[in-house]
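Me: I'd like a close look at the salt bridges in this protein. Please go through them pair by pair, and tell me where each partner sits in the chain and how buried or exposed it is.

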Amino acid sequence: DQNGTIFVSFPRWKDNVIATLTKFDTNSNTFSSWPSQEENKIGDADKLQSVLGFEIYKDIIYVLDQGKIKDQSAQKGSLKVVTYNTNTGERNHTYDLSDYVDASDSFLNDIVIDPIKQYAYISNSGNPINPTHQHNPSILRLNLNQTEGKVDVKVLLGNHHYSIMPDMTYWLRINGTHV
């Protein structure tokens with residue numbers, strides 16, 4: 001952040017991930033739960049469940065919680081964006097994305113903030129390894145100006161739009177190997 005604090009996320013894809021959002025202490029080379037261990041409580045959809053992406057702008061950290069613990073689907077309310085003050089650790093807002101993405105068919109991957117227009121753009125890679133669901137990636141736009149009531153989210157790209165689908169005819173070479 002602007003003060004030099006290093007934040008690191010550990011998605012809960014394996015056992016024994018104590019905290020999904022941490023602060024790294026460069027003096028002791030240790031990680032500590034951030035903003036607290038309580039905010040990283042497993043099984044409470046209101047708390048951080050499995051953070052992969054986040055972005056910091058000024059003194060606000062925008063945390064994208066994909067909600068997935070190991071190979072389980074995310075529980076209702078755990079797919080969200082949470083904002084915290086980086087100086088105090090105080091939670092500012094929670095934006096529940098559960099009404100806009102299917103928990104069993106989503107993989108919320110990354111978040112980018114437009115601080116001028118006050119939008120967050122979120123990539124949802126879909127879940128291509130879930131055989132019972134159709135792989136349907138999307139890009140979401142979250143209005144950050146709204147702090148109460150129903151969350152204002154628009155699906156900008158989805159429904160198998162060609163620009164966000166993999167090109168299965170594309171091949172490349174890595175060290176001479178056709179991949």
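Reply: A salt bridge here means a side-chain nitrogen of Lys or Arg within 4 Å of a carboxyl oxygen of Asp or Glu. Keep in mind that this is a predicted model. The structure holds six salt bridges.

Let's start with Asp65 and Lys80, whose closest N and O atoms are 2.7 Å apart. Asp65 belongs to strand S5 and Lys80 to strand S6, so to speak two distant parts of the chain, with their positions 15 residues apart. Both partners are buried, which means each has under 20% relative accessible area.

Next up is Lys70 with Asp15, where the closest N and O atoms are 2.9 Å apart. This pair also links distant parts of the chain: Lys70 is in the loop between S5 and S6 (80-85), Asp15 is in the loop between S1 and S2, and they are 55 residues apart. Lys70 has a relative accessibility of 37%, so it counts as partly exposed. Asp15, at 52%, counts as exposed.

The loop of Asp15 leads us to a sheet. S1, S2 and S3 form an open sheet in that order, with antiparallel pairing. S1 (6-9) and S3 (30-33) are the edge strands, each with a single partner, so one side of each has no neighbour in the sheet. From one strand to the next, the twist averages 40 degrees. Four bridges join S1 to S2 (residues 21-25), and Ile6 has Phe24 as its bridge partner in S2.

Back to the charged pairs: Asp99 forms a salt bridge with Lys76, and their closest N and O atoms are 3.2 Å apart. Asp99 is in the loop between S7 (91-96) and S8, while Lys76 is in the loop between S5 and S6, 23 residues away in the chain. Asp99 counts as exposed at 53% relative accessibility, and Lys76 does too at 61%. Elsewhere, salt bridges that share partners tie Glu39, Asp46, Lys47 and Arg91 into one network.

One more thing about S5, the strand of Asp65. The largest nonpolar core has 18 residues, of which Val81, Ile111 and Ile122 touch the most other members. S5, S8 (108-114), S9 (119-124) and S10 (138-143) each supply at least two residues of this core. A separate core of nine residues includes Leu21, Leu48, Ile61 and Val82.

Definitions and conventions: Residues numbered from 1 in each chain as written. Predicted model: local features only at pLDDT ≥ 70, side-chain atom pairs only at ≥ 80, totals over all residues. Heavy atoms only, no water. Pairing = 2+ DSSP bridges. Axes fitted to C-alpha atoms, helices over the stretch in contact; angles between N-to-C directions. Core = buried A, V, L, I, M, F, W, Y, C linked by side-chain atoms within 4.5 Å. Buried < 20%, exposed > 50% of the residue type's maximum accessible area, 1.4 Å probe, protein only.
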